[in-house]
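Please examine the structure shown below together with the report that follows it. The report treats strand pairing, an internal cavity, selected residues and backbone geometry in turn.

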Amino acid sequence: MTKQSKDYSKYFDFSDAKVLSEDEFGKKIRIKGREINIISEPNHRQEKQRGKQDVQVLYGNAVPDELRGIGEDKYYIIYTFGCQMNEHDTETMKGLLEEMGYRSTEDRKVADIILMNTCAIRENAEDKVFGELGHLMHLKTEKPSLLLGVCGCMAQEENVVNRILQKHGFVDMIFGTHNIHRLPHLIKEAMFSKELVVDVWSKEGDIIENLPKKREGMRAWVNIMYGCDKFCTYCIVPFTRGKERSRRPEDVIAEVRDLARQGFKEVTLLGQNVNAYGKDFSDITYSFADLMDDIRGIDIPRVRFTTSHPRDFDDQLVQVLAKGGNLVEHIHLPVQSGSTEILKKMSRKYTRASYLELVGKIKEAIPNVGLTSDIIVGFPGETDEQFEDTMTLVHEVGFDSAFTFIYSPREGTPAAIMEDNVPMEVKKVRLQRLNEAIKDNSRMNNEKMCGQVVEVLVEGESKNNVSVLAGRTRSNKLVHFEGSSDLIGSIVQVKISDAMTWYIKGEIMESVAVN
């Protein structure tokens with residue numbers, strides 16, 4: 001049975017909308033009795049453009065004094081969908097809300113504000129959000145003062161915003177990925193005007209430093225750059241996240257140093273394509289490899305990064321990572337396909353051969369490296385032979401694990417209008433075969449570790465057994481071992497005794513070192 005493509009045209013029919021006012025600050029309209037204040041709205045054509053405008057770096061106070069008490073005795077919930085970048089954005093929104101006086105709760109009936117930080121990478125992520133909105137509508141009916149907001153990557157899409165305006169008018173705020181710093185002002189606007197406030201910037205804004213963040217646990221995410229200029233034909237991210245903008249190295253380094261002082265054990269540097277870091281600087285020559293080399297000198301036990309693009313992964317970075325220290329032996333290197341023909345259709349700008357050459361350089365420089373990846377099956381036009389190219393590449397590289405997906409068309413991307421002539425049943429069989437191959441690789445790689453003593457950052461108790469602790473090796477393998485809960489947050493030495501498919505078991509040798 002062929003899945004019918006969605007008809008978005010009905011969400012662009014605003015024949016029943018009445019324009020109440022319009023000026024340089026936006027426009028106010030009324031749809032089905034709900035007044036809507038559109039400060040700015042998404043525009044797909046503008047999101048695709050890459051202008052030459054200078055990006056300013058702004059330092060300041062994100063929460064004005066007059067808004068600091070607005071959330072006193074009130075509670076918030078943020079539901080987060082998608083990638084680590086969204087998780088980190090949620091940390092920022094939590095920080096802003098708590099500076100306004102709000103406190104966190106898990107009880108939606110207690111909450112005074114509920115935000116949905118959304119993902120647009122695949123269609124099922126959108127379906128989950130709209131399903132959740134349906135549940136929240138009843139809550140809003142019971143508690144009209146509740147503020148509901150939709151933000152994140154979905155909010156950057158025209159059809160999503162129009163669908164919310166037409167079908168989910170009970171929502172109070174819609175804002176995107178470029179103006180999270182304006183959250184306090186949007187809350188004030190929605191709270192006092194009683195209007196649905198739409199403020200989605202189609203063009204990326206400046207880089208805002210000093211935003212508060214609420215981090216929890218022993219690991220921290222640090223944005224080093226925003227946006228992506230690669231425009232892979234299947235990907236919506238360059239539209240939803242904007243052009244590549246790098247944070248100044250001194251700001252990144254200062255943040256990592258502060259996290260080290262706070263006692264964090266692990267930092268993950270984030271960007272849609274971290275390997276492009278620094279390429280947009282016009283006043284200095286400073287690359288991602290330079291940044292990693294400088295961070296290597298900071299007294300924090302572990303530094304990771306995600307996500308890499310193989311085309312920008314250069315020899316200098318390989319050499320820096322090979323120095324070790326706090327730079328761990330794990331690289332997430334999305335390949336997407338093992339077929340050069342499919343990679344060309346995806347506009348990935350590298351070949352199967354060049355990817356394997358890069359993997360060879362990495363393995364030679366870092367012999368105990370753990371490699372993981374992202375792989376898509378069933379891309380439009382993918383033949384049996386092209387899929388077999390992916391299978392042979394998977395066997396040749398020997399990935400520890402991979403995020404694997406059936407191709408999901410995203411409206412507005414070039415691939416969405418390609419002829420999708422691969423039957424869904426064929427896609428499912430390919431995905432199953434691919435997952436089995438990844439599974440075999442993982443088990444085989446884990447078995448090689450039996451008898452080794454490895455460094456493990458203890459993250460918590462096992463979900464199934466409180467006497468068993470769980471942690472990760474430097475190469476990002478999950479380890480289970482018996483131990484007391486007071487070891488959580490420390491780094492210990494574990495001798496590996498048994499290999500499972502997705503994790504390894506061991507016995508603690510000694511507690512170490514970093515507490």
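## Strand pairing and local features

In strand 8, Cys151 is the bridge partner of Asn117. Strand 7 (residues 113–118) and strand 8 (residues 147–152) run parallel and are joined by six bridges. Here, two strands pair if DSSP finds at least two bridges between them; helices (H or I, at least four residues) and strands (E, at least two) are DSSP runs, numbered from the N terminus.

The model is predicted: local features need pLDDT of at least 70 and side-chain atom pairs count only at pLDDT 80 or more, while totals for chains, interfaces and linings use all residues. Residues are numbered from 1 along each chain as its sequence is written, and side-chain values use heavy atoms, with hydrogens and water left out.

### The open sheet

Strands 7 and 8 belong to an open sheet of nine strands with mixed pairing, in the order 1-2-3-10-9-8-7-5-6. Strand 1 (18–23) and strand 6 (103–104) stand at the edges with a single partner strand each, so one side of each has no neighbour in the sheet.

At one of these edges, strand 1 is joined to strand 2 (residues 26–31) by five bridges, and the two run antiparallel. Val19 has Ile29 in strand 2 as its bridge partner, and a hairpin connects strand 1 to strand 2 through two residues. Burial is judged by relative accessible area (buried under 20%, exposed over 50%, partly exposed in between; 1.4 Å probe, protein chains only). The number of buried residues among the six of strand 1 is zero, so this strand lies largely in the open.

### Strands 20 to 22

Strand 21 (residues 468–473) is mostly covered, with five of its six residues buried. Strand 21 pairs in the antiparallel sense with strand 20 (residues 453–461) and also with strand 22 (residues 478–482). The table sets out these two pairings.

| Strand pair | Bridges | Residues between the strands | A bridge pair |
|---|---|---|---|
| Strand 20 and strand 21 | five bridges | six residues, hairpin | Val456 and Thr473 |
| Strand 21 and strand 22 | five bridges | four residues, hairpin | Arg472 and Leu478 |

In the turn of the hairpin formed by strands 21 and 22, Asn476 has a positive phi of about 75 degrees.

Leu478 is placed in strand 22. With a relative accessibility of 24%, Leu478 counts as partly exposed. When neighbours within four places in sequence are left aside, Leu478 is in contact (heavy atoms within 4.5 Å) with Ala470, Gly471, Arg472, Trp502, Tyr503 and Ile504. Leu478 and Glu132 are separated by 346 residues in sequence and by 32 Å in space, C-alpha to C-alpha.

### A buried threonine

Thr372 is found in strand 18 (residues 370–377). Its relative accessibility is 9%, and Thr372 therefore counts as buried. The side chains of Thr372 and His330 are joined by a polar contact of 3.0 Å. A polar contact is a pair of N or O atoms within 3.5 Å; within protein, one must be able to donate a hydrogen and the other to accept it, and residues adjacent in sequence count only if both atoms are side-chain atoms. Leaving aside neighbours within four places in sequence, the contacts of Thr372 are His330, Ile331, His332, Leu333, Phe399, Asp400 and Ser401.

### The cavity

How many cavities of 30 Å³ or more does a search of the whole structure find? The search finds one. A cavity is a set of points, on a 1 Å grid over the protein atoms alone, where a 1.4 Å probe fits but cannot get out; lining residues have an atom within 4 Å of a point. The largest cavity holds about 40 Å³ of space, the volume being that filled by probe spheres set on the points, which are joined across faces, edges and corners. Its lining consists of Asn275, Ser287, Phe288, Ala289, Asp312, Asp314 and Leu317. By class, three of these lining residues are nonpolar, two polar and two charged. In this scheme, Ala, Val, Leu, Ile, Met, Phe, Trp, Tyr, Cys and Pro count as nonpolar, Asp, Glu, Lys and Arg as charged, and the others, Gly among them, as polar.

### Backbone geometry

Most residues other than glycine have a negative phi, and most peptide bonds are trans. Asn210 has a positive phi near 65 degrees and is placed in the loop between strand 11 (207–209) and strand 12 (219–223). Asn210 is exposed, with a relative accessible area of 52%. Ser347, which is not a glycine, has a positive phi of about 60 degrees; its place is in the loop between helix 10 (340–345) and helix 11 (352–365). Thr306 and Thr307 are joined by a cis peptide bond with omega of about 5 degrees, and Thr307 lies in the loop between strand 16 (302–306) and helix 9 (315–321).

Notes
1 Å grid on protein atoms, 1.4 Å probe; cavity = no way out; pocket = protein on both sides within 12 Å on 5 of 7 lines; lining within 4 Å.
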